[in-house]
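Hi everyone, thanks for coming. Let me put today's structure on the screen, and then I'll walk you through it.

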Amino acid sequence: ATTNFAINEQVTTTTTLQASSPQAKAVKLVATVAASTSPSGTVDFFEGATQVANDVPLVSGAATTTLAGVSVGDHTYRAVFTPAESKFESSEGTATVSVKTSATVSESFPAKVAAGAKAKGTVTVVANGATATGTVKIMLGSKTLKSAPLKSGKATFTLKLAKGKNKLKAVYSGKADVAGASTSFTIKQK
């Protein structure tokens with residue numbers, strides 16, 4: 001007599017977590033679950049013992065969630081994969097991210113400049129709870145007119161502009177712990 005039976009071997013999974021702070025007080029978590037065959041199931045995300053997102057479905061092997069209102073500084077997260085099928089083993093991964101603070105940009109350029117004169121002004125960057133360092137650019141559309149390093153949160157510019165209304169933007173690119181920011185303004189060159 002012959003017996004047909006299947007052996008239900010467990011499929012090992014590996015969960016890898018990537019954490020980033022794409023903008024101020026926000027965290028993006030991406031848990032990637034790998035196995036010898038495509039796993040299905042959900043991922044729960046934790047910070048310490050606190051669950052910050054639950055039952056996030058795997059889509060093409062990854063579960064993604066974005067958290068808002070996160071305090072500035074270092075945070076460690078854990079992703080726990082719960083398989084939809086019993087043949088898969090659960091797994092987990094951790095990641096640490098430094099959450100960025102926000103910044104505000106202001107400028108002191110004149111609204112009008114006399115014919116033949118250059119526009120002089122200062123761009124100020126204030127980071128909430130951090131020091132703003134790095135570079136500020138003055139943009140006209142997609143073109144960078146000038147860039148300068150911040151010194152004590154300020155950068156001074158002298159601009160030669162075309163006649164008429166110049167719609168400009170002061171852009172702070174940010175740094176590891178401070179999100180980028182910008183402000184728009186117009187200078188009329190006579």
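Let's begin with charge. The chain has 21 positive and 10 negative charges, and the mean positions of the two sets are 36 Å apart. For that count, Lys and Arg are positive, Asp and Glu are negative, and His and the chain ends are left out. Each charge is placed at NZ of Lys, CZ of Arg, CG of Asp or CD of Glu.

Some ground rules before we go on. This is a predicted model, where local features need pLDDT of at least 70 and side-chain atom pairs count only at pLDDT 80 or more, while totals for chains, interfaces and linings use all residues. Residues are numbered from 1 along each chain as its sequence is written, and side-chain values use heavy atoms, without hydrogens or water.

Now the overall build. The chain has 15 strands and zero helices; these are DSSP runs numbered from the N terminus, E of at least two residues for strands, H or I of at least four for helices. The radius of gyration is 25 Å, well over the 16 Å that the globule rule gives for 190 residues, so the chain is more spread out than a compact globule. That radius is taken over C-alpha atoms, and the rule is 2.2 Å times the number of residues to the power 0.38. Along the principal axes, the C-alpha atoms fill a box of roughly 105 × 30 × 20 Å.

How much of the chain is buried? Buried residues make up 37% of the 190, where buried means under 20% relative accessible area, exposed over 50%, and partly exposed in between, with a 1.4 Å probe and protein chains only.

Let's go inside. The largest nonpolar core has 24 residues, and F109, I138, F157 and Y172 have the most contacts within it. By nonpolar core I mean a set of buried Ala, Val, Leu, Ile, Met, Phe, Trp, Tyr and Cys residues joined through side-chain atoms within 4.5 Å. Strands 8, 10, 11, 13, 14 and 15 each give two or more residues to this core, and strand 10 gives the largest share, four residues. Apart from it lies another core, of 19 residues, with F45, A53, Y77 and V99 among them.

Two residues are worth a stop here. Leaving aside neighbours within four places in sequence, I138 is in contact with residues including F109, V123, F157, L168 and F185; contact means heavy atoms within 4.5 Å. L168 itself lies in strand 14 and is buried, with a relative accessible area of 3%. Beyond its sequence neighbours, L168 is in contact with I138, L145, L159 and I187, among others. The C-alpha atoms of L168 and I187 are 7.6 Å apart, with their positions 19 residues apart in sequence.

Finally, three serines in loops. S60 is in the loop between strands 4 and 5, and S152 is in the one between strands 12 and 13. Phi is positive in S60, near 55 degrees, and positive in S152 too, at about 55 degrees, though neither is a glycine. S60 is exposed at 81% relative accessibility, and S152 is exposed at 79%.

The third is S173, in the loop between strands 14 and 15. Is S173 buried or exposed? At 55% relative accessibility, S173 counts as exposed. Leaving aside its sequence neighbours within four places, S173 is in contact with T135 and G180. S173 and T135 are 38 residues apart along the chain, with their C-alpha atoms separated by 6.7 Å.
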